[in-house]
Amino acid sequence: MTEASAQRHYAEEAAVVLSGLGLPPAYGKLLGWLLVCDPPWQTSAQLAEGLGLSKGSVSTGMRMLETSGLARRVPVPGHRGHAYEVRPDAIIRIAADAAKFRVFRQLMEQGLTVVGGEDAPGSERLRVMRDFYAFVEREVPKLVERFEAEYDKRGGNDG
């Protein structure tokens, strides 16, 4: 298998995995490709050609990756326009954002109000979810701190 076809195969696998999580296949292909491509930045044309995607799919997928904080636009010396790359710390930045967990916890609290409170019939599923999101909201930032400390200690943080 050539390097390009191995990269394409990896991107296809990423699409399958992320599709299983309810995300569009193009999103998974783009993320997978950007994780293994060389050079680590790619123009929209390179992404479309490498993955066999339309320009529209690349544009939509990259907008989603940018919005989620997984990818960013970067200037490319000697090229007009921009290219995209995966942010090395993307998953850490996403995980450390407790706001999304807070939003789900608050939604479960609203649900408890709707059903008549903590002790109302049918409230258990809302209580469990609320308590889970409260736990995650509280604990994930601590896990991120631990990871970063261990990663830095190993010399893994190249800035």
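How are α2 and α3 oriented relative to each other? They sit roughly perpendicular, because an angle between 65 and 115 degrees counts that way, and the angle here is about 105°. Keep in mind that this is a predicted model.

## Around α2

Let's stay with that first helix pair. The axes of α2 and α3 are 11 Å apart. On the α2 side, the contact is made by K29, L30, W33 and L34, and α3 brings in L47, G50 and L51. Sorted by class, the contact of α2 with α3 has 5 nonpolar residues, 1 polar and 1 charged.

Helix α2 also packs against α4, with an angle of about 70° and axes 9 Å apart. That again makes for a roughly perpendicular arrangement, this time of α2 with α4. From α2, the residues in play are A26, Y27, L30, L31 and L34. Helix α4 answers with S57, V58, G61, M62, M64, L65 and S68. The class split for the contact of α2 with α4 is 9 nonpolar and 3 polar, with no charged residues.

L30 and L34 are worth a second look: they are listed in the contact with α3, and they turn up again in the contact with α4.

## The cores

So much for the helix pairs; now for what is buried. The largest nonpolar core has 21 residues. Those with the most contacts inside it are L30, L34, L47, V58, M62 and L65. Several elements feed into this core: α1 (3-20), α2 (25-36), α3 (44-51), α4 (55-68) and β2 (82-86) each supply at least two residues. The largest share comes from α2, with 6 residues.

What does L34 touch once its neighbours within four places in sequence are set aside? The list runs to P40, Q42, L47, M62, L65, Y84, E85 and V86. Of these, L47 belongs to the α3 side of the helix contact described above, while M62 and L65 belong to the α4 side.

Apart from the largest core lies another one, of 9 residues. I92, F101, M108 and V140 are among its members.

## A cis bond in the loop

Here's a backbone detail to check on screen. The peptide bond from D38 to P39 is cis, with omega near 5°. P39 sits in the loop between α2 and α3, the two helices that pack at about 105°.

## Aromatic rings

The structure holds 3 aromatic pairs. One of them joins F132 and Y133: the ring centres are 5.5 Å apart and the planes stand at 70°, so this pair is edge-to-face. Another links F147 and Y151, with ring centres 5.3 Å apart and planes at 20°, so that pair is stacked. Why are F147 and Y151 about one helical turn apart? Because they are 4 residues apart in helix α7.

F132 and Y133 also belong to a cluster: together with F104 they form one aromatic cluster.

## Partly exposed residues

How far are some of these side chains open to the outside? Take F132 to begin with: its relative accessible area is 48%, so F132 counts as partly exposed. The stacked pair is in this class too, since F147 comes out at 37% and Y151 at 29%. The table puts these next to three further residues.

| Residue | Relative accessible area | Class |
|---|---|---|
| F132 | 48% | partly exposed |
| F135 | 43% | partly exposed |
| D131 | 40% | partly exposed |
| F147 | 37% | partly exposed |
| S59 | 33% | partly exposed |
| Y151 | 29% | partly exposed |

D131 lies in helix α7, which covers residues 124-153, and F135 is found in α7 as well. S59, for its part, is in helix α4.

## Some distances across the chain

A few C-alpha separations help to place these residues. D131 and M108 are 23 residues apart along the chain, and their C-alpha atoms are separated by 8.9 Å. M108 is one of the residues of the 9-residue core. F135 and R105 are 30 residues apart in sequence, with their C-alpha atoms 9.4 Å from each other. For S59 and V36, also 23 residues apart along the chain, the C-alpha separation is 19 Å.

Technical notes: Residues numbered from 1 in each chain as written. Predicted model: local features only at pLDDT ≥ 70, side-chain atom pairs only at ≥ 80, totals over all residues. Heavy atoms only, no water. Buried < 20%, exposed > 50% of the residue type's maximum accessible area, 1.4 Å probe, protein only. Core = buried A, V, L, I, M, F, W, Y, C linked by side-chain atoms within 4.5 Å. Contact = heavy atoms within 4.5 Å. Axes fitted to C-alpha atoms, helices over the stretch in contact; angles between N-to-C directions. Parallel < 35°, antiparallel > 145°, perpendicular 65-115°, else oblique. Nonpolar A, V, L, I, M, F, W, Y, C, P; charged D, E, K, R; others polar. Phe/Tyr/Trp six-rings, centres within 6.5 Å; stacked < 30°, edge-to-face > 60°.
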